[in-house]
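The following questions and answers introduce a structure to a reader who meets it here in formal terms. Each answer ends on the value or name requested.

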Amino acid sequence: MKLETLQDLFVHELKDLYSAENQLVKALPKMVKAATNEELRAGFEEHLEQTRNHVARLEQIASSVDCKLTGHRCKAMEGLIEEGSELISEDAEDAVRDAGLIGAAQRVEHYEIAGYGTARALAERLGFDEAVELLTQTLEEEKATDEKLTDLAESTINAEAAALSPAG
Ligand code: FE
Ligand code: FE
């Protein structure tokens, strides 16, 4: 697709997010399984539900601006998920793996926050009010997820990992 207008770029950003969110819907159940800490596991489960809704919001935006979202693959999310699965396959102490999973998940959130921030700015410029509203809702959920992960790391999981004695 040739990017001639700001609207073309907006659609391109939506497609990237759509691919990213769909890949995440598939990856999050593996994060749930790999997490040991109950709060972390519940957090991933909650974000899986939110992520399904992020996909639905993007579809709603696409119908409001009359565009298609298929046919593009987000390579950045593919790479972030690949790094996450490498971490999951490492032989690790539970708390240490949990700490690593938080880092992997926060990389994903930051990528999404950048993408949604960009898409919302374009929607504002283009006067797509419904899109602005829906993108804001998702952006706020991504930010809240990121903050929850920081809190969980700093309040509990990093301390649990730090308390492990080095293997003899
Ligand atoms: Fe999302
Ligand atoms: Fe991307």
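Q: Among contacts in the protein between residues at least 6 apart in sequence, what percentage join residues at least 24 apart?
A: This is a predicted model, in which local features need pLDDT of at least 70, side-chain atom pairs count only at pLDDT 80 or more, and totals for chains, interfaces and linings use all residues. Residues are numbered from 1 along each chain as its sequence is written, chains are lettered from A and ligands numbered from 1 in the order in which they are written, and side-chain values use heavy atoms, with hydrogens and water left out. Contact means heavy atoms within 4.5 Å. Among contacts between residues at least 6 apart in sequence, the share that joins residues at least 24 apart is 79%.

Q: How many helices and how many strands are in the protein?
A: Helices (H or I, at least four residues) and strands (E, at least two) are DSSP runs, numbered from the N terminus. Read from the N terminus on, the elements run α-α-α-α-α. The C-alpha trace spans about 60 × 25 × 20 Å along its principal axes. The counts are five helices and zero strands.

Q: What percentage of the residues of the protein count as buried?
A: Buried means under 20% relative accessible area, exposed over 50%, and partly exposed in between (1.4 Å probe, protein chains only). Ser-19, found in helix 1, is buried with a relative accessible area of 9%, whereas Lys-75 is exposed at 66%. Of the 168 residues of the protein, the buried share is 43%.

Q: Which residues provide the protein donors of the iron ion (ligand 1)?
A: Donors are N, O and S atoms within 2.8 Å of the metal (3.2 Å for Na, K and Ca); water is not among the atoms, so sites may look incomplete. The donor residues are spaced E-x32-H-x57-E-x29-E in sequence. The donor atoms lie 2.0 to 2.7 Å from the iron ion and comprise OE (listed twice) of Glu-21, ND1 of His-54, OE of Glu-112 and OE of Glu-142.

Q: How many residues apart are His-54 and Glu-112?
A: Both His-54 and Glu-112 are buried. His-54 lies in helix 2 (residues 38–65) and Glu-112 in helix 4 (residues 94–126). The pair links distant parts of the chain, with a separation of 58 residues.

Q: What distance does helix 2 reach from its first C-alpha to its last?
A: The expected span of a helix is 1.5 Å times one less than its number of residues. Helix 2 has 28 residues, for which 40 Å is expected. At its start, a side-chain oxygen of Asn-37 reaches to within 2.9 Å of the backbone nitrogen of Glu-39, and just after helix 2 Asp-66 takes a positive phi of about 55°. The reach of helix 2 is close to the expected value, at 41 Å.

Q: Which residues form the aromatic pair?
A: Rings of Phe, Tyr and Trp (its six-membered ring) pair if their centres lie within 6.5 Å; planes under 30 degrees apart count as stacked, over 60 as edge-to-face and the rest as tilted. A search of the whole structure finds one aromatic pair, which is tilted, with 5.6 Å centre to centre and 40° between the planes. One partner lies in helix 1 (residues 6–34) and the other in the loop between helix 4 and helix 5 (129–162), 118 residues apart. Both partners are buried, and they are Phe-10 and Phe-128.

Q: Why does the salt bridge of Glu-46 with Lys-148 tie together distant parts of the sequence, and how many residues apart are they?
A: A salt bridge is a side-chain nitrogen of Lys or Arg within 4 Å of a carboxyl oxygen of Asp or Glu. The structure holds seven salt bridges, and in this one the closest N and O atoms are 3.1 Å apart. Glu-46 is partly exposed at 39% relative accessibility, as is Lys-148 at 48%. Because Glu-46 lies in helix 2 and Lys-148 in helix 5, the pair ties together parts whose separation in sequence is 102 residues.

Q: Which residue meets Glu-141 in a salt bridge?
A: The N to O distance of this bridge is 3.2 Å. Glu-141 is in helix 5 and its partner in helix 2, 84 residues apart. The partner is buried, with a relative accessible area of 8%, and is Arg-57.

Key: A polar contact is a pair of N or O atoms within 3.5 Å; within protein, one must be able to donate a hydrogen and the other to accept it, and residues adjacent in sequence count only if both atoms are side-chain atoms.
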